Amino acid sequence: MKLTIRKRMIKEIPALEVVPSELSSKQLPLVIFYHGWQTSKELLLTQARKIAQKGYRVILPDAMFHGDRKKWERSSIPSFTFWTSIQYNIMEFNVIVDYFKNNDWLGDFPVIVGGYSMGGITTAALMRQHPEIALGTIIMGTPTPNSYFNHMQARMKNERGIKVAPDLIRLLNWLPDYDLGLAPETINGRPLFIWHGTEDVKIPYSEPLDFYEQVKEASYARNVTFLTGHNEGHLVTPDLMATIATFIDEQTKRTL
């Protein structure tokens, strides 16, 4: 299948669109896929191609302070830019969706979200507050950002002797409202795919695993899938990319 890749500026958000060429002007399911910390939308193109080839419109936005939006160096305050980037992702979600609705490229088709690492955290946060999202994929991320922030604080103090600024802790008081682990019932039966490597040194494997163990017997989590990358680190393989694309396609076709 021939694909079209085009640059888009959605309001102030630089993005790449990957879509089957013959369907580019048609209404299609919309997949918004978010990149990780200190990377950019271009690094998601292989993943986007694997999804788009199954008949989807895939949008890869640059997070604030990343890619085409990296206009200055990140803050010297530990983790400040990281959480701010996620906050922008969340705030800009509706801007992206409305753009495709207003151009009549979405119609009644579902909106799907996914992401790697920081993008996986974004995905979980959006699933918590946006019941209109049909399904999500959390890859190397965590559904429990509160717990992860506490982990980050401890690691910075123990490994680097850096204490997180008290004001940052107060400024992040929005995290509980976007923590899927604090309200897992908001999954509400939606398909959710979680993958994490056991040797991940950036986001501990225990974060998503503990979440899954908490919810796996609940009826609202009946469509949650958790896969372990045994001896895998903070890296996505081509085989995993194909698995993600297949999950999105099978679950979407099951519900359409």
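User: Which residue of β8 does His196 stand opposite?

Analyst: In this predicted model, a residue in one strand can be read against its partner across the bridge, and here His196 stands opposite Thr228 in β8. The strands concerned, β7 and β8 (residues 224–229), run parallel and are joined by six bridges.

User: What joins β7 to β6, and in which sense do they run?

Analyst: Strand β6 (residues 133–139) is linked to β7 by four bridges, and the two run parallel; within this pairing, Ile139 has Trp195 of β7 as its bridge partner.

User: How many of the six residues of β7 are buried?

Analyst: Burial here means under 20% relative accessible area. Six of the six residues of β7 (residues 192–197) meet that description, so the strand is largely enclosed by the rest of the structure. Leu192, Ile194 and His196 point one way, while Phe193, Trp195 and Gly197 point the other way, and all are buried.

User: Where do the buried residues of helix α6 fall when one looks down its axis?

Analyst: The residues to look for in α6 (residues 206–215) are Glu207, Pro208, Phe211 and Val215, which are buried. Seen down the axis of α6, they fall within an arc of 85°, so they line one face of the helix. Together with β7 and β8, α6 makes a right-handed β-α-β unit.

User: What is the order of the strands in the open sheet?

Analyst: Its eight strands follow the order β1-β2-β4-β3-β5-β6-β7-β8, with mixed pairing. At the edges stand β1 (3–10) and β8, each with a single partner strand, so one side of each is left without a neighbour in the sheet.

Conventions: Residues numbered from 1 in each chain as written. Predicted model: local features only at pLDDT ≥ 70, side-chain atom pairs only at ≥ 80, totals over all residues. Heavy atoms only, no water. Buried < 20%, exposed > 50% of the residue type's maximum accessible area, 1.4 Å probe, protein only. Arc of directions from axis to C-beta. Pairing = 2+ DSSP bridges. Right-handed = clockwise from strand over helix to strand, strands pointing away.
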